[in-house]
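Here are some short questions and answers on strands, helices and cores. The model is a predicted one.

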Amino acid sequence: MDYLKTVVPSQLIAEKGSNMVVINPGSANVKIGLASWQTPVVVPHCIAHYMRGPMDEEAQIAKRNREQVFTSPLSSAQQSEREEAYHMIVSHLKLQPENHERVKESWFRKKDHSDGYNSQSKLNEETIFPWTYVREEKNSNSPDNGIDADDEADINMNEEKPEGMDEVNDSGDDEINDCTNTFRSFICGDEALKISPDQPYFLRHPIRRGHLNVSQFYPVQQISEDLYRIWDWILREKLRISQKNRHMFSAVLVVSETFDNREMKEMLSVVLRDLQFNSAVIHQESLSATFGNGVSTSCVVNIGAQVASVLCIEDGVAVPATGVTLPFGGEDISRCLLWAQQRRQTWPPIDTDPMGKPIDLLMLNRLKETQCKIKDGELNAFADVHCYKANLPSEVYRVHLSALNVPPMGLFYPSILMADEYPPPPRPWFHDYEDMLEDSSHTEFVKRSDGPDIFFSGYNCGLALPDSSESYPQKFRKEENLDGLAQAITNSILSTGRLDVQKKLFTSIQLVGGVALTKGLVGVVEERVLHAIPANEAIDTVEVLQQRTDPLIVAWKGGAILGILDYFSRDQWIHREDWVHGGSKIGSGRKYRDSHLLQTQAFWYINS
């Protein structure tokens, strides 16, 4: 205790965080780093597997099925709703009527070709992405691939692999170990998104729309294997933590509130069973975001790449009844940017397919981040647009983009963000003997026999609830709301039912996620939330909190802080031996791996 009174916070983080890895998995990106770091490594959360055999028509069909590239064209009613939302946004932003004749007069011009394979190209990295070189020039177990030479024998003899790993890795591993200049068996992260479409690889995203990407073509077992490969690759390549040394590290898993119980269990199994960390603890993303921003009470609005969520935190405790999930995010805004430009006839006549060619989505995301913002009046800009063709240098066009403030307004008019190309995963595939959607609200929570009478609610990380908590349901309520972001925030805060808490939350809105960096978003959120509050409510002030930490990594940073705070009461951590060998909690008579008890056990917290 004397140590805690005298230690400097930076010293505490440096000492205790040096052997603690914080993992924050998302639909589009995963953030991983040591808790002692200021910023994590941010890597696209995807993996490309090598396909054997010729890339004929049958192989192309199999590739699209494995990649789950399914399109569902909008119905006439949905198209009408989208057009109506577009006209409402144009009217609200006071944009001028479209003049196609004027657009044609200022037509785009084609620039010189750029060599996509030339790593020494002087072109700005902001505007061009080179194709990935998919050949393996060296032995796959060389130190350059993140495996130390001294570790190689130990890994080959003793490394535990997820069940069924050989089935996924049957695509030429023996060839690669013996030969040079062959295809890589799998490619992770940013490189996986930039593989030419004619190469024998299929791309997979283990998480989509805030859930494990389960389908008939992508079972849970293969998702776990892909999570293992991606995270293991990052640990080896980016953090330089070999398999045999991971028993000296603990892991903090920062998960979104959109995940179900079994999904958290699967990820925890990857961390403890497959990656072989010594111990792990789970923390909720929204709660971690408040710690990362240095506040104890806020309405956390997390706008990610594919999902937006709203959850209220009161005095460091999550209020599950306030949870709202919105089925859209930053990638939908990027596709809306393409749709709006094509509609206004400012986009070149090129094949831009953000679903079929992930490299096109990278380009659209970059254009959105650099050009889009929310403001009244005309918002035009010149930008470079690239046409990527299989194994050919990219063609560059100079384009005069217009109405760049329309796509981000889709957060408040979600009909314009129709998910015509990215449907949510089919939930019936989750229905098995451990239903991910089972109701655990009547589960008997486990608590310490010698501890005080506290609630071990998963979404509160086991912290004691405030005295007023009796009015809050203990079950996190997920719902899809298509009324827009402002209405979702208003409904979430008003569901607390107490005027004093509502006033505090309306003046403590915290924007989290990459979309939170959109210029002009703060002012629009404040304005539209204020107008969404019913007239009979005695609330007249809405304020968005100032960001003290980058909103893209604030949840990861908060997870690092919570992990270090948890270090001094280790009983809340789940140890590898307990989890792998049945998951029994000593003295509890329960098992960690019971799906309906995961929230209780994984968020175990000692209130001393």
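Q: Are the two faces of strand β9 (residues 201-204) covered or open, and which residues lie on each side?
A: In a regular strand the side chains alternate between the two faces of the sheet. In β9, Tyr201 and Leu203 point to one side and are buried. Phe202 and Arg204 are on the other side and are buried as well. Both faces of β9 are therefore covered, given that buried means under 20% relative accessible area.

Q: What is the strand order of the open sheet of 3 strands?
A: Strands of a sheet pair through backbone hydrogen bonds, either parallel or antiparallel. Here the pairing is antiparallel. The order is β8-β4-β9.

Q: Which strands stand at the edges?
A: Look for strands with a single partner strand. Such a strand has one side without a neighbour in the sheet. The edge strands are therefore β8 (186-188) and β9.

Q: What does the twist average from one strand to the next?
A: The sheet in question has the order β8-β4-β9. From one strand to the next, its twist averages 20°.

Q: How many bridges join strand β4 (residues 47-50) to β9?
A: The two strands run antiparallel. Alanine 48 has leucine 203 as its bridge partner in β9. Tyrosine 50 has tyrosine 201 as its bridge partner there. The number of bridges joining β4 to β9 is 4.

Q: At about what angle to β4 does helix α10 (residues 220-237) run?
A: Helix α10 lies across β4, β8 and β9. Its angle to β4 is about 105°.

Q: How are helices α13 and α14 oriented to each other?
A: The axes of α13 (residues 330-343) and α14 (residues 358-371) come within 9 Å. They cross at roughly 90°. Angles of 65 to 115 degrees count as roughly perpendicular. The two helices are therefore roughly perpendicular.

Q: How do the residues of the contact of α13 with α14 divide?
A: On the α13 side the contact residues include Ile333, Leu337 and Leu338. On the α14 side, Leu361, Leu364 and Leu367 are among them. The division is 6 nonpolar, 3 polar and 2 charged.

Q: Which helix gives the most to the largest nonpolar core?
A: This core has 49 residues. Val301, Leu411, Phe412, Ile416, Ile489 and Ile509 touch the most other members. With 6 residues, the helix that gives the most is α15 (residues 485-494).

Q: How many residues are in the second, separate core?
A: Its members include Ile230, Leu239, Ile282 and Trp579. This second core is separate, and its residues number 40.

How values were computed
Residues are numbered from 1 along each chain as its sequence is written. This is a predicted model: local features need pLDDT of at least 70, side-chain atom pairs count only at pLDDT 80 or more; totals for chains, interfaces and linings use all residues. Side-chain values use heavy atoms; hydrogens and water are left out. Buried means under 20% relative accessible area, exposed over 50%, partly exposed in between (1.4 Å probe, protein chains only). Two strands pair if DSSP finds at least two bridges between them. Axes are lines fitted to C-alpha atoms, for helices over the stretch in contact, and angles run from 0 to 180 degrees between N-to-C directions. Angles under 35 degrees count as roughly parallel, over 145 as roughly antiparallel, 65 to 115 as roughly perpendicular and the rest as oblique. Contact means heavy atoms within 4.5 Å. Ala, Val, Leu, Ile, Met, Phe, Trp, Tyr, Cys and Pro count as nonpolar, Asp, Glu, Lys and Arg as charged, and the others, Gly among them, as polar. A nonpolar core is a set of buried Ala, Val, Leu, Ile, Met, Phe, Trp, Tyr and Cys residues joined through side-chain atoms within 4.5 Å.
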